Amino acid sequence: MSELTLSKALGSGLRRALADDDRVVLMGEDIGTLGGVFRVTDGLQAEFGTDRVMDMPLAESGIIGMAVGLAFRGFRPVVEIQFDGFIYPGFDQIVAQVAKLHARTGGKVRMPLTIRVPYGGGIGAVEHHSESPEAYFAHTAGLRVVTCATPQDAHTMIRQAIACDDPVLFFEPKRRYWTKGEVDEGYDFPLGKARVAREGTDVTLLTYGPLVPTALDAAVAASDEGISIEVVDLRSLSPVDYETVEASVRKTGRVVITHEAAEFGGMGAELAAAITDRCFFHLEAAPERVAGFDIPYPPARLEEHFLPDLDRMLDAVDRVLGRTNSLTGWTA
Amino acid sequence: MSTTLTARTTLDPVQLIDPHGVRQGDEHYDPLVADITDARLTALYEDMVIVRRIDTEATALQRQGELGLWPPLLGQEAAQVGSARALRADDFVFSSYRENGVAYCRVVELVDLARAWRGTAASGWDPFSVNMATPAVIIGAQTLHATGYAVGCVKDGVDSVSVAYFGDGATSQGDVNEAMVFAASFHAPVVFFCQNNQWAISEPVGLQAVRPIADRAPGFGIPSVRVDGNDVLAVTAVTREAVERARSGGGPSFIEAVTYRMGPHTTSDDPTRYVDPLQREEWAGRDPLARLEAYLGLSESEQQRIAARADEAAHKFRTACTSLVDPEPLSLFDHVYATPHSGLARQRSRYAAYLEGFES
């Protein structure tokens, strides 16, 4: 056990993966001598050499496409996309090649790529540095999409993703890179298994990635008013661990789903539909969503209005509980 | 010939047998094909006849409703056979969808050429059984795969090389340009083999390139050559040179095989809307098979033997194609993931239950 930042926990997971399997190669922009712009790969090139930790030319489609070729050759490429908004030039290779080659070839060609994507806002950044594009990939058959919220999960899940024979989009909550937590290298769980981050009985607050700590804060605040919130950290967006989700919703009968990504067609829409389908007779209220607005990611000075925060989460909690809230007003 | 539609050429394509079947001496390239006797040239000719015959049969099958679509390679036989025959079995090919001649040379089963076009499978064969990936339909995407594979060969310490096949249209794609950047930076043992067949569906090559395509590669730090793509001997020579360069640590090469797509883009296309008949007529005079017939002066019995073999291959192709059976409905869900995916497993079981409802 050691206390690590989420960034360091990822780095230690990558180090273990490189040490355990000589077919693992890291590819990305500035991941070598610089150690990545978030320092996740700090020291790895010095330790494993330029053959295993490769600085790449600045072309995301090129990086992903080259990783596909390496996978054809039996390698396990781990690609770092520098920022969420930079993944779009590589979108075609991801959805048209990485996702589909295994199916296209009747299982003959495996694509055990891990594509790491720092995502989400809250860091006061400029355009293209704060986006949450996870739904595009969760919508694409053939990809697995996961995201971590704690240093422990970051360490465990990056190793799981690399070991997985399917391509994995690995979303890293960039505003939580410097969160510290205990990391046990021996800790493990099945890839895709959701986590009940806090137990509760009144409302299920369903979230993932950067909003998990916010949801936990909301649960603490709600408890002061006597409301018991269960926080479920999905960890995996494709597939979704509905076993854990259903168990929670059946217990509470009320669910609020929250993510930074835009609401329309987002993970929340899928989750609300699936929960309604699976838990209809256990629901006491319609599922509520607290998400980013359907707008381009705003300038930094406005992002606090865009990002779901504790108050907006609790407002939705009030709605599913039928308490007075921003929509019904105090006179309702 | 229309002079406005095609790119002006500033590089003379390498040519060892001219359209009239006359051998052209070339100090540099002759030694590279010194071992290709008339007997071996006849074998290449036979390959091309068979490939053309299968291609013709496939078009007929499409017209008869047995294939959904077919992308004919008519006119490009020399570019494909000449280059593919210059490779070793352990080299790896990444192609587009028109390289049926290359696939034939990689010993892809004939029936496997038809599976995707008949709609019984997403692709035709196990890439690792013939060291050729199944076709990439997204234009130019495969050039990056070839580059990555080549880098992997170096990492593995083997002297296999990879070859990326693509067309003139693909050279406008970002992926192809990125592939050249990456290949140069990593000194990858990859051969970029561009079949400039003058057309990207209806768009003339002049829209993709205002200078010869081969001119671009040196800007990326990649040596390039233009070759008469309808001259199987010249194509073999330049491909051998590029492959040897890659194999011996010399890095990537770029070949522009100048040829002509004599047929439609696919069987769904109508080239009469955009092809200048005079231009096509001129290219018909540069036919890759006709020039070898003139050069080799094959006897009638030899010609008949080859034609009989081609007919036999076409017959086998047709029979196998029409014998392909539709896959089971639930195979829809197979191989989407290599490891179990709970969401898909649920969809599969629900659809299975739905289908069972029709049986009871």
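This report looks at chain B of a predicted model, from its overall build to one helix pair and its contact with chain A.

## Overall build

Chain B folds into 14 helices and seven strands. For its 360 residues, a compact globule would be expected to have a radius of gyration near 21 Å, and chain B comes out at 21 Å, so the two agree. Along the principal axes, the C-alpha trace spans about 75 × 50 × 40 Å.

Buried residues account for 49% of the chain. Take the contacts in chain B between residues at least 6 apart in sequence: 78% of them join residues at least 24 apart.

## Where H4 meets H13

Helix H4 (residues 110–118) and helix H13 (residues 300–323) of chain B have axes that come within 9 Å and cross at roughly 45°. That angle falls outside the parallel, antiparallel and perpendicular ranges, so H4(B) and H13(B) count as oblique to each other. Their crossing is right-handed.

On the H4(B) side, the residues involved are B:Leu110, B:Val111, B:Ala114 and B:Arg118; they meet B:Ala313, B:Lys316, B:Phe317, B:Ala320 and B:Cys321 in H13(B). By type, this contact has seven nonpolar residues, no polar ones and two charged.

## The side facing chain A

Over at the interface, 36 residues of chain B touch 35 residues of chain A. The elements of chain B giving two or more residues to this side are helices H5 (127–130), H6 (141–156), H7 (174–185) and H14 (342–359). H6(B) gives the most, with 12 residues.

As for the chemistry, chain B's side of the interface splits into 18 nonpolar, 13 polar and five charged residues.

Notes
Residues numbered from 1 in each chain as written. Chains lettered and ligands numbered in written order. Predicted model: local features only at pLDDT ≥ 70, side-chain atom pairs only at ≥ 80, totals over all residues. Contact = placed C-beta atoms within 7 Å. Helix = DSSP H or I, 4+ residues; strand = E, 2+ residues; numbered from the N terminus. Nonpolar A, V, L, I, M, F, W, Y, C, P; charged D, E, K, R; others polar. Rg over C-alpha atoms; globule rule 2.2 N^0.38 Å. Buried ≥ 20, exposed ≤ 12 C-beta atoms within 10 Å, placed from the backbone. Axes fitted to C-alpha atoms, helices over the stretch in contact; angles between N-to-C directions. Parallel < 35°, antiparallel > 145°, perpendicular 65-115°, else oblique. Left-handed = near helix turned anticlockwise from the far one by under 90°.
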